[in-house]
Amino acid sequence: MESRVIEIGEGIHLIDCFFAGMTGQCGVYLLRGEKTALVESGPSTGVEHVLAGLAELGIDGTEMDYVLLTHIHLDHAGGAAFLLQYMPKARVLVDGRSARYLVEPEKLVRSAGKALGVIAPHYGTMYPVSEERIIPLHDGFMLDLGEGMSLQAVHTPGHSHGHYAFFEPHRADLFCGDALGHFLGEDLPPMPATPSPEFDPELSLASARRLRELSPKKLLFTHFGSTSRTRETIDLFMERLQHLVRVAEKLRGMEDWAERLSQSILEGLSCLSGEELELLSGIARVNARGIMHYLNRKSTNH
(Lines give C-alpha, C1' and ligand atoms only; values in the text may rest on other atoms or scores of the structure.)
Protein backbone atom coordinates (compact mmCIF):
# COMPACT_ATOMS: atom_id res chain seq x y z
CA MET A 1 0.00 0.00 0.00
CA GLU A 2 1.33 3.43 -0.97
CA SER A 3 2.49 5.79 1.79
CA ARG A 4 3.47 9.44 1.95
CA VAL A 5 4.95 10.90 5.12
CA ILE A 6 5.94 14.54 5.66
CA GLU A 7 8.11 15.60 8.61
CA ILE A 8 6.58 18.71 10.18
CA GLY A 9 8.95 19.08 13.12
CA GLU A 10 10.76 17.01 15.70
CA GLY A 11 8.40 14.23 16.76
CA ILE A 12 5.59 15.32 14.40
CA HIS A 13 4.81 13.80 11.00
CA LEU A 14 1.90 14.23 8.59
CA ILE A 15 0.65 11.00 7.01
CA ASP A 16 -1.32 11.39 3.78
CA CYS A 17 -4.64 9.50 3.60
CA PHE A 18 -4.74 9.65 -0.23
CA PHE A 19 -8.28 11.01 0.02
CA ALA A 20 -10.23 10.42 -3.22
CA GLY A 21 -7.10 8.73 -4.55
CA MET A 22 -5.13 11.99 -4.47
CA THR A 23 -2.26 13.30 -2.42
CA GLY A 24 -2.45 16.49 -0.39
CA GLN A 25 -6.17 16.41 0.41
CA CYS A 26 -6.48 14.86 3.87
CA GLY A 27 -4.03 13.64 6.46
CA VAL A 28 -3.43 12.57 10.03
CA TYR A 29 -0.67 13.79 12.33
CA LEU A 30 1.59 11.47 14.29
CA LEU A 31 3.05 12.82 17.54
CA ARG A 32 5.80 10.92 19.34
CA GLY A 33 6.70 11.72 22.94
CA GLU A 34 6.88 9.11 25.66
CA LYS A 35 3.38 8.33 24.43
CA THR A 36 2.41 8.07 20.78
CA ALA A 37 -0.72 9.70 19.37
CA LEU A 38 -2.53 10.41 16.14
CA VAL A 39 -4.47 13.60 15.61
CA GLU A 40 -7.37 12.45 13.40
CA SER A 41 -8.00 8.95 12.12
CA GLY A 42 -8.78 10.00 8.58
CA PRO A 43 -11.62 8.35 6.64
CA SER A 44 -12.17 4.60 6.50
CA THR A 45 -11.00 4.76 2.87
CA GLY A 46 -7.55 5.94 4.01
CA VAL A 47 -6.80 3.48 6.83
CA GLU A 48 -4.40 1.32 4.84
CA HIS A 49 -2.40 4.39 3.83
CA VAL A 50 -2.22 5.54 7.46
CA LEU A 51 -0.98 2.11 8.53
CA ALA A 52 1.56 2.14 5.69
CA GLY A 53 2.77 5.55 6.86
CA LEU A 54 3.17 4.32 10.42
CA ALA A 55 5.13 1.32 9.13
CA GLU A 56 7.37 3.64 7.12
CA LEU A 57 8.12 5.46 10.38
CA GLY A 58 8.88 2.17 12.11
CA ILE A 59 5.79 2.24 14.33
CA ASP A 60 3.75 -0.85 15.06
CA GLY A 61 0.09 -0.45 15.95
CA THR A 62 0.73 -2.00 19.35
CA GLU A 63 2.78 1.10 20.24
CA MET A 64 -0.07 3.56 19.68
CA ASP A 65 -1.62 5.12 22.79
CA TYR A 66 -4.17 7.68 21.56
CA VAL A 67 -6.23 8.78 18.57
CA LEU A 68 -7.51 12.35 18.99
CA LEU A 69 -10.45 13.40 16.82
CA THR A 70 -11.14 17.07 16.13
CA HIS A 71 -14.75 16.08 15.37
CA ILE A 72 -16.82 13.16 14.15
CA HIS A 73 -17.23 13.85 10.42
CA LEU A 74 -16.31 10.82 8.34
CA ASP A 75 -13.14 12.28 6.82
CA HIS A 76 -11.77 12.93 10.31
CA ALA A 77 -13.18 10.07 12.39
CA GLY A 78 -14.43 7.38 9.99
CA GLY A 79 -11.21 5.39 10.24
CA ALA A 80 -11.12 5.24 14.04
CA ALA A 81 -12.73 1.84 14.58
CA PHE A 82 -10.69 0.35 11.74
CA LEU A 83 -7.40 1.65 13.18
CA LEU A 84 -8.26 0.41 16.66
CA GLN A 85 -8.24 -3.15 15.32
CA TYR A 86 -4.49 -2.71 14.87
CA MET A 87 -3.95 -0.62 18.01
CA PRO A 88 -5.03 -2.79 20.96
CA LYS A 89 -4.13 -0.32 23.72
CA ALA A 90 -5.07 2.94 21.96
CA ARG A 91 -7.99 5.04 23.19
CA VAL A 92 -9.98 7.63 21.25
CA LEU A 93 -10.41 11.19 22.51
CA VAL A 94 -13.48 12.98 21.17
CA ASP A 95 -16.05 15.57 22.19
CA GLY A 96 -18.06 14.05 25.03
CA ARG A 97 -21.42 14.97 23.53
CA SER A 98 -20.50 13.48 20.15
CA ALA A 99 -19.11 10.20 21.49
CA ARG A 100 -22.46 8.43 21.14
CA TYR A 101 -22.14 8.73 17.36
CA LEU A 102 -18.90 6.76 17.48
CA VAL A 103 -20.55 4.08 19.58
CA GLU A 104 -23.64 3.94 17.33
CA PRO A 105 -22.63 5.52 13.99
CA GLU A 106 -25.49 4.37 11.75
CA LYS A 107 -27.45 7.64 11.90
CA LEU A 108 -24.29 9.69 11.27
CA VAL A 109 -23.36 7.60 8.23
CA ARG A 110 -26.86 7.94 6.74
CA SER A 111 -26.90 11.69 7.33
CA ALA A 112 -23.45 12.11 5.79
CA GLY A 113 -24.47 10.15 2.70
CA LYS A 114 -27.41 12.50 2.11
CA ALA A 115 -25.37 15.65 2.72
CA LEU A 116 -22.38 14.64 0.60
CA GLY A 117 -24.23 13.35 -2.44
CA VAL A 118 -21.99 12.28 -5.32
CA ILE A 119 -18.75 12.71 -3.35
CA ALA A 120 -19.95 10.47 -0.48
CA PRO A 121 -17.94 7.40 -1.63
CA HIS A 122 -14.68 9.26 -0.97
CA TYR A 123 -15.65 9.62 2.69
CA GLY A 124 -16.26 5.92 3.30
CA THR A 125 -18.16 4.70 6.33
CA MET A 126 -17.82 4.37 10.09
CA TYR A 127 -17.94 1.28 12.30
CA PRO A 128 -18.72 1.36 16.04
CA VAL A 129 -16.07 2.17 18.63
CA SER A 130 -16.58 0.48 21.99
CA GLU A 131 -17.51 2.93 24.72
CA GLU A 132 -14.75 1.79 27.08
CA ARG A 133 -12.12 2.89 24.57
CA ILE A 134 -13.39 6.49 24.42
CA ILE A 135 -12.07 9.38 26.53
CA PRO A 136 -14.54 12.32 26.42
CA LEU A 137 -13.05 15.74 25.76
CA HIS A 138 -13.97 19.03 27.40
CA ASP A 139 -12.62 22.51 26.86
CA GLY A 140 -9.18 22.80 28.47
CA PHE A 141 -8.56 19.04 28.64
CA MET A 142 -4.78 18.46 28.68
CA LEU A 143 -3.13 15.29 27.39
CA ASP A 144 0.51 14.87 28.44
CA LEU A 145 2.49 12.85 25.92
CA GLY A 146 5.80 13.24 27.75
CA GLU A 147 9.17 14.53 26.52
CA GLY A 148 7.89 18.10 26.60
CA MET A 149 4.90 17.43 24.39
CA SER A 150 1.26 17.88 25.36
CA LEU A 151 -2.04 18.72 23.72
CA GLN A 152 -4.68 21.08 25.05
CA ALA A 153 -8.23 20.64 23.76
CA VAL A 154 -9.80 23.93 22.61
CA HIS A 155 -13.53 23.87 21.93
CA THR A 156 -14.05 25.51 18.55
CA PRO A 157 -17.69 25.23 17.43
CA GLY A 158 -18.88 26.67 14.14
CA HIS A 159 -17.97 23.98 11.64
CA SER A 160 -19.73 21.55 13.97
CA HIS A 161 -20.93 21.86 17.56
CA GLY A 162 -18.48 19.29 18.90
CA HIS A 163 -15.34 20.52 17.11
CA TYR A 164 -12.04 20.77 18.99
CA ALA A 165 -8.67 22.10 17.97
CA PHE A 166 -5.55 20.84 19.75
CA PHE A 167 -2.83 23.22 20.89
CA GLU A 168 0.70 22.11 21.74
CA PRO A 169 1.76 24.89 24.13
CA HIS A 170 5.52 24.20 24.23
CA ARG A 171 5.96 24.75 20.48
CA ALA A 172 2.75 26.71 19.89
CA ASP A 173 1.64 24.24 17.22
CA LEU A 174 -2.10 24.33 16.53
CA PHE A 175 -3.89 21.34 15.02
CA CYS A 176 -6.97 23.10 13.74
CA GLY A 177 -9.06 20.37 12.10
CA ASP A 178 -11.73 22.18 10.07
CA ALA A 179 -12.03 25.21 12.36
CA LEU A 180 -10.07 27.31 9.84
CA GLY A 181 -11.24 25.54 6.70
CA HIS A 182 -9.14 23.86 4.02
CA PHE A 183 -5.58 25.09 3.53
CA LEU A 184 -4.77 24.92 -0.17
CA GLY A 185 -1.32 26.49 -0.14
CA GLU A 186 0.43 29.70 0.86
CA ASP A 187 -0.66 31.55 -2.28
CA LEU A 188 -4.31 30.45 -2.32
CA PRO A 189 -7.20 31.59 -0.14
CA PRO A 190 -8.36 29.13 2.54
CA MET A 191 -11.67 27.50 1.75
CA PRO A 192 -14.07 27.65 4.72
CA ALA A 193 -15.72 24.31 5.54
CA THR A 194 -19.43 25.08 6.04
CA PRO A 195 -21.51 21.89 5.80
CA SER A 196 -25.05 21.53 7.07
CA PRO A 197 -26.67 21.01 9.45
CA GLU A 198 -24.42 22.47 12.18
CA PHE A 199 -22.47 25.22 10.43
CA ASP A 200 -22.79 28.56 12.23
CA PRO A 201 -20.70 31.50 10.95
CA GLU A 202 -20.95 33.51 14.17
CA LEU A 203 -19.60 30.61 16.21
CA SER A 204 -17.00 29.90 13.54
CA LEU A 205 -15.68 33.47 13.64
CA ALA A 206 -15.61 33.45 17.44
CA SER A 207 -13.63 30.21 17.35
CA ALA A 208 -11.18 31.67 14.83
CA ARG A 209 -10.65 34.70 17.07
CA ARG A 210 -10.03 32.41 20.03
CA LEU A 211 -7.44 30.44 18.08
CA ARG A 212 -5.74 33.65 17.00
CA GLU A 213 -5.47 34.70 20.66
CA LEU A 214 -3.42 31.58 21.35
CA SER A 215 -0.68 33.15 19.17
CA PRO A 216 0.19 29.89 17.41
CA LYS A 217 3.50 29.69 15.61
CA LYS A 218 2.29 27.01 13.22
CA LEU A 219 -1.11 25.94 11.93
CA LEU A 220 -1.47 22.26 11.06
CA PHE A 221 -4.46 21.46 8.85
CA THR A 222 -6.16 18.12 8.33
CA HIS A 223 -6.89 19.43 4.82
CA PHE A 224 -3.85 19.77 4.26
CA GLY A 225 -0.41 20.68 5.49
CA SER A 226 1.03 23.43 7.66
CA THR A 227 1.91 27.12 7.57
CA SER A 228 3.84 29.52 9.78
CA ARG A 229 1.88 32.50 8.42
CA THR A 230 -0.59 32.02 11.22
CA ARG A 231 -2.20 35.41 11.87
CA GLU A 232 -2.40 36.20 8.15
CA THR A 233 -4.03 32.83 7.43
CA ILE A 234 -6.57 33.15 10.25
CA ASP A 235 -7.49 36.70 9.24
CA LEU A 236 -7.87 35.67 5.60
CA PHE A 237 -10.10 32.77 6.63
CA MET A 238 -12.34 35.12 8.62
CA GLU A 239 -12.57 37.62 5.76
CA ARG A 240 -13.38 34.84 3.31
CA LEU A 241 -16.08 33.37 5.53
CA GLN A 242 -17.76 36.73 6.06
CA HIS A 243 -17.64 37.42 2.32
CA LEU A 244 -19.30 34.09 1.48
CA VAL A 245 -22.12 34.65 3.97
CA ARG A 246 -22.76 38.09 2.44
CA VAL A 247 -22.84 36.56 -1.04
CA ALA A 248 -25.28 33.88 0.14
CA GLU A 249 -27.57 36.50 1.66
CA LYS A 250 -27.78 38.26 -1.72
CA LEU A 251 -28.48 35.00 -3.54
CA ARG A 252 -31.30 33.79 -1.29
CA GLY A 253 -34.44 33.12 -3.29
CA MET A 254 -32.68 32.93 -6.66
CA GLU A 255 -33.15 29.75 -8.68
CA ASP A 256 -29.45 29.40 -9.46
CA TRP A 257 -28.17 30.26 -5.96
CA ALA A 258 -26.44 26.90 -5.47
CA GLU A 259 -24.32 27.16 -8.60
CA ARG A 260 -23.47 30.83 -8.07
CA LEU A 261 -22.57 30.37 -4.41
CA SER A 262 -20.45 27.32 -5.26
CA GLN A 263 -18.56 29.41 -7.81
CA SER A 264 -17.97 32.10 -5.18
CA ILE A 265 -16.56 29.47 -2.82
CA LEU A 266 -14.14 28.39 -5.55
CA GLU A 267 -13.14 31.97 -6.37
CA GLY A 268 -9.37 32.35 -6.52
CA LEU A 269 -8.77 28.63 -7.11
CA SER A 270 -8.74 28.72 -10.92
CA CYS A 271 -5.11 27.58 -10.94
CA LEU A 272 -6.27 24.14 -9.78
CA SER A 273 -7.37 21.64 -12.39
CA GLY A 274 -8.39 18.08 -13.13
CA GLU A 275 -9.36 15.71 -10.33
CA GLU A 276 -8.48 18.16 -7.57
CA LEU A 277 -10.74 20.89 -8.95
CA GLU A 278 -13.52 18.33 -9.50
CA LEU A 279 -13.27 17.18 -5.87
CA LEU A 280 -13.21 20.74 -4.51
CA SER A 281 -16.18 21.61 -6.71
CA GLY A 282 -18.14 18.80 -5.06
CA ILE A 283 -17.07 20.01 -1.62
CA ALA A 284 -18.01 23.59 -2.60
CA ARG A 285 -21.54 22.45 -3.41
CA VAL A 286 -21.81 20.81 0.01
CA ASN A 287 -20.51 24.00 1.64
CA ALA A 288 -22.93 26.19 -0.35
CA ARG A 289 -25.87 24.15 0.91
CA GLY A 290 -24.54 24.48 4.46
CA ILE A 291 -24.37 28.28 4.31
CA MET A 292 -27.86 28.54 2.85
CA HIS A 293 -29.20 26.06 5.41
CA TYR A 294 -27.87 28.33 8.16
CA LEU A 295 -29.46 31.44 6.63
CA ASN A 296 -32.81 29.71 6.15
CA ARG A 297 -32.75 28.36 9.69
CA LYS A 298 -31.86 31.80 11.05
CA SER A 299 -34.70 33.40 9.08
CA THR A 300 -37.19 30.82 10.34
CA ASN A 301 -36.10 31.28 13.96
CA HIS A 302 -36.65 35.02 13.68
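**Strand S10 and the helix pair H8/H9**

Mentor: Strand S9 (residues 149–155) runs antiparallel to S10, and 4 bridges join the two. The model is a predicted one.

Trainee: What makes S9 and S10 a pair of strands?

Mentor: Pairing requires at least two bridges, and S9 and S10 have 4; they therefore count as paired. Within this pairing, Gln-152 stands opposite Phe-167 of S10.

Trainee: How do you know that S10 also pairs with S11?

Mentor: S10 and S11 (residues 173–177) share 3 bridges in the antiparallel sense, and the threshold is at least two. Phe-167 has Leu-174 as its bridge partner in S11. S10 and S11 form a hairpin with 4 residues between them, and Ala-172 in the turn has a positive phi of about 65°.

Trainee: Why is S10 called mostly covered?

Mentor: Of the 5 residues in S10 (residues 164–168), 5 are buried, that is, under 20% relative accessible area. Tyr-164, Phe-166 and Glu-168 point one way, Ala-165 and Phe-167 the other, and all are buried. In a regular strand the side chains alternate between the two faces of the sheet.

Trainee: Why are helices H8 and H9 given the orientation term they carry?

Mentor: The axes of H8 (residues 230–251) and H9 (residues 257–265) cross at roughly 160° and come within 10 Å. Angles over 145 degrees count as roughly antiparallel, so H8 and H9 are roughly antiparallel to each other.

Trainee: Which residues make the contact of H8 and H9?

Mentor: H8 contributes Arg-240, Leu-244, Val-247, Ala-248 and Leu-251, and H9 contributes Trp-257, Arg-260, Leu-261, Ser-264 and Ile-265. These residues divide into 7 nonpolar, 1 polar and 2 charged.

Conventions: Residues numbered from 1 in each chain as written. Predicted model: local features only at pLDDT ≥ 70, side-chain atom pairs only at ≥ 80, totals over all residues. Heavy atoms only, no water. Buried < 20%, exposed > 50% of the residue type's maximum accessible area, 1.4 Å probe, protein only. Axes fitted to C-alpha atoms, helices over the stretch in contact; angles between N-to-C directions. Parallel < 35°, antiparallel > 145°, perpendicular 65-115°, else oblique. Contact = heavy atoms within 4.5 Å. Nonpolar A, V, L, I, M, F, W, Y, C, P; charged D, E, K, R; others polar.
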